[in-house]
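Open the structure in your viewer and keep the selection tool at hand. The tour goes from one selection to the next.

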Amino acid sequence: MKDKRLISVFIGLAFFIPAVLIDKISGIFPAYLTLYALAWTAAAWSVVIKAAKNIRRGIVFDENFLMLAASIGAFVINIVFSDYETELCAPGGGEAMMDGALVMLLYQVGEYFQALAVRRSRRNIRKLLSMRPDSAVVLRGGAETEVDPEEVEVGELTVVRAGERIAIDGTVTNGSSYIDASAITGESVPTFVSAGDEVKSGCIAVDGLLTVRTTKKFGESTASKMLRLVEEAADKKAKQETFISAFAKVYTPIVCALALLVAVIPSLALTLGAGLPAEETWSQWIYTALSLLVVSCPCALVISVPLTFFSGIGGASRIGVLVKGSDCFSPLAKTNIMAFDKTGTITKGKFAVRECSLDSRTLAMLAAAESKFNHPIALAFASADKDGCECTSAEDVSGKGIRAVVCGKTLVAGTHAFMAESGIGCEEIDTPYTVIHVAVDGVYKGHATVADEIKPDSIDAVRECRRDGIRTVMLTGDRPAVAQAVAKETGLDEVHAGMLPQDKAETVMELKKHGKVIFCGDGINDAPVLATADVGCAMGGVGSDAAIEAADVVIMHDDLTSVVAGRRHAKKVIRIATENIVGSLAIKIAIMILSVLLPAFSVLAEFPLWIAIMGDVGVCLVAIANSMRALRCKKFTRPAPQS
């Protein structure tokens with residue numbers, strides 16, 4: 001497509017330049033007429049084909065029709081309304097033909113730059129295609145077999161060598177490596193993974209050899225879902241795009257009718273009323289009408305506005321924010337209330353030790369005892385140094401605590417009530433978080449506080465929301481005391497705790513009475529409220545399939561600051577689209593008015609067609625260049641600590 005347009009332009013110029021020289025110097029009419037016609041044909045053949053196809057489909061009044069009418073009309077009035085002996089054969093007699101050929105040449109140049117802009121905006125999305133591997137190496141029958149990723153079943157072992165891309169989501173069972181997740185999460189620093197860690201498809205093993213047990217089928221893996229979401233996004237139209245399509249259908253016939261009136265009414269009035277020569281008046285006002293047709297062409301709007309949204313989707317995907325459709329940009333930009341789920345969204349969804357009054361030996365004994373269990377509180381102590389402590393027996397007293405024998409000593413750990421049941425005295429700790437009291441051989445040793453870890457980016461996101469004037473709300477099913485503690489630590493404006501999924505949806509409906517609401521969540525229970533909010537935002541890295549399907553925006557790396565960055569990007573995209581609409585219409589209307597008024601008041605004999613061309617092609621190029629700004633999406637950067 002790119003080469004055909006350039007070839008058309010170069011061939012057209014090869015005829016156009018000699019035509020201008022012959023026209024301006026010698027004035028040999030047959031020579032420059034032939035060359036101008038050949039230049040026009042070289043540039044216009046693709047436009048003629050498109051116009052013919054559209055007319056067969058019932059689409060008559062489009063930019064192709066306008067450009068053909070204006071350029072052909074220029075040739076007609078130059079030949080019909082010029083005196084062959086005194087004008088056409090004199091130097092400079094083919095001025096209107098020159099304008100007609102120039103219209104098509106510049107139009108093709110504009111089309112070329114439009115295609116160039118579209119290719120550039122597609123570049124980021126095409127990069128995503130490289131995330132989807134063509135094959136996967138599977139361990140079957142003790143041997144490595146290369147197969148199509150779609151043939152790999154859940155639970156099979158796949159082998160990933162250094163430099164290879166992980167084909168399917170899974171859990172590392174053997175080996176270790178740094179993985180490059182920049183294509184998926186936007187993170188530039190490789191992450192170290194080893195046995196037990198989860199890995200996502202699309203990531204690259206930088207070094208080492210990994211054996212990965214698949215947890216999803218290929219079609220449901222992270223890279224496949226990400227590609228599918230981006231592909232579907234291009235098919236959804238924003239309100240501005242829909243407006244432009246509807247506007248062009250009404251606008252173009254009106255302009256054609258207006259051009260006809262401009263050509264006929266002044267010509268009749270001046271010929272019949274003022275007695276002026278018919279050839280002079282009809283030539284002048286038909287030429288003016290053709291100028292009106294050229295400048296009125298809505299291609300700047302029809303091209304630049306969809307391109308803005310397409311570029312916006314591509315720009316957002318660069319930082320791991322997948323906007324499912326251009327229709328999501330407007331509500332996202334207007335959001336003034338941001339609601340969050342707690343677990344897995346504001347917090348990591350994993351317990352960690354927050355406070356500990358235990359000595360290192362007792363903590364090591366507790367870690368050894370908890371290693372026998374797999375519940376969330378036990379996993380909070382997994383990283384603690386066991387210091388050679390060996391647990392020989394352990395009993396889990398459901399909901400209360402554990403009893404274990406570690407290094408030959410009896411260890412009791414659990415709630416305040418459990419310690420009382422075990423005959424061990426201890427003070428009750430005033431905290432909203434889970435407290436684990438510990439005693440060894442009946443002697444109380446202290447306590448450790450366990451809580452769901454708050455993501456560092458959650459605090460940054462809430463702070464940035466406050467800077468942008470956004471009200472922040474947390475909706476959670478957790479206990480009020482825990483919810484209030486998390487809200488205080490993160491700086492949230494409002495908290496609703498102890499909520500069921502339907503309660504969250506009802507609360508969002510109430511919040512919508514006060515503005516546009518975006519809800520961020522990750523669990524399957526968040527699907528109803530994601531669908532209820534003006535903009536549903538799912539955490540794509542850890543989010544459930546139901547949440548991702550119900551959401552309008554997917555954050556691939558579970559970073560809430562990306563939600564803020566995505567909203568700011570949406571405001572920029574809407575602003576660019578508005579600039580293109582208002583600016584294009586303002587310039588076109590101004591030139592259209594001048595094209596009629598200047599000849600009417602005898603300021604100009606006839607409005608120059610080249611000014612009309614610049615009013616169309618020039619405005620279109622400026623609008624396209626402005627649209628390309630939507631490709632740049634600024635990622636949130638945490639400010640450096642002040643020394």
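How far is the sulfur of Cys 537 from the closest cysteine sulfur? Select Cys 537 and Cys 520 and look at the two sulfur atoms: they are 4.2 Å apart, too far for a bond. Keep in mind that this is a predicted model.

**The cysteines**

A disulfide is a covalent bond between the sulfur atoms of two cysteines. Here a pair of cysteine sulfur atoms has to lie within 2.5 Å to count as a disulfide, so the 4.2 Å between Cys 537 and Cys 520 does not qualify. Cys 537 is buried, with a relative accessibility of 0%.

Now add Cys 465 to the selection. The closest cysteine sulfur to that of Cys 465 is again in Cys 520, at 8.1 Å, which is too far for a bond. Cys 465 is buried, and its relative accessible area is 0%. By the 2.5 Å rule, the count of disulfides is zero.

**A nonpolar patch**

Next, select Phe 10, Leu 13, Ile 17, Leu 21 and Ile 25, and show their side chains. Together they make a nonpolar surface patch of about 520 Å². Pick out Ile 17 and follow the backbone around it: this residue lies in helix α1, which covers residues 2-25. Is Ile 17 buried or exposed? The answer is in between: Ile 17 is partly exposed, with a relative accessible area of 49%.

**A negative patch**

Clear the selection and choose Asp 134, Asp 148, Glu 150 and Glu 151. These four residues gather on the surface in a patch of negative charge. To place one of them, find strands β2 (143-147) and β3 (157-160); Glu 150 is in the loop between them. Glu 150 is exposed, with 58% relative accessible area.

**Two positive phi angles**

The last stops concern the backbone. Most residues other than glycine have a negative phi.

Select Asp 387. Its phi is positive, about 50°, although the residue is not a glycine. Look for Asp 387 in the loop that runs between α14 (376-379) and β13 (391-397). Asp 387 counts as partly exposed, at 47% relative accessibility.

Then move to Asp 441. What is the phi of Asp 441 near? The value is near 50°, again positive in a residue other than glycine. Asp 441 sits in the loop between β16 (434-440) and β17 (443-454). With a relative accessible area of 47%, Asp 441 is partly exposed.

Conventions. Residues are numbered from 1 along each chain as its sequence is written. This is a predicted model: local features need pLDDT of at least 70, side-chain atom pairs count only at pLDDT 80 or more; totals for chains, interfaces and linings use all residues. Side-chain values use heavy atoms; hydrogens and water are left out. Patches are made of residues with over 30% relative accessible area and no salt bridge: like charges are joined within 9 Å, nonpolar side chains (Val, Leu, Ile, Met, Phe, Trp, Tyr) within 5 Å. Accessible areas come from the Shrake-Rupley method with a 1.4 Å probe; for residues, only the protein chains shown count as cover. Lys and Arg count as positive and Asp and Glu as negative; His and the chain ends are not counted. The place of a charge is taken as NZ of Lys, CZ of Arg, CG of Asp or CD of Glu. Helices (H or I, at least four residues) and strands (E, at least two) are DSSP runs, numbered from the N terminus. Buried means under 20% relative accessible area, exposed over 50%, partly exposed in between (1.4 Å probe, protein chains only).
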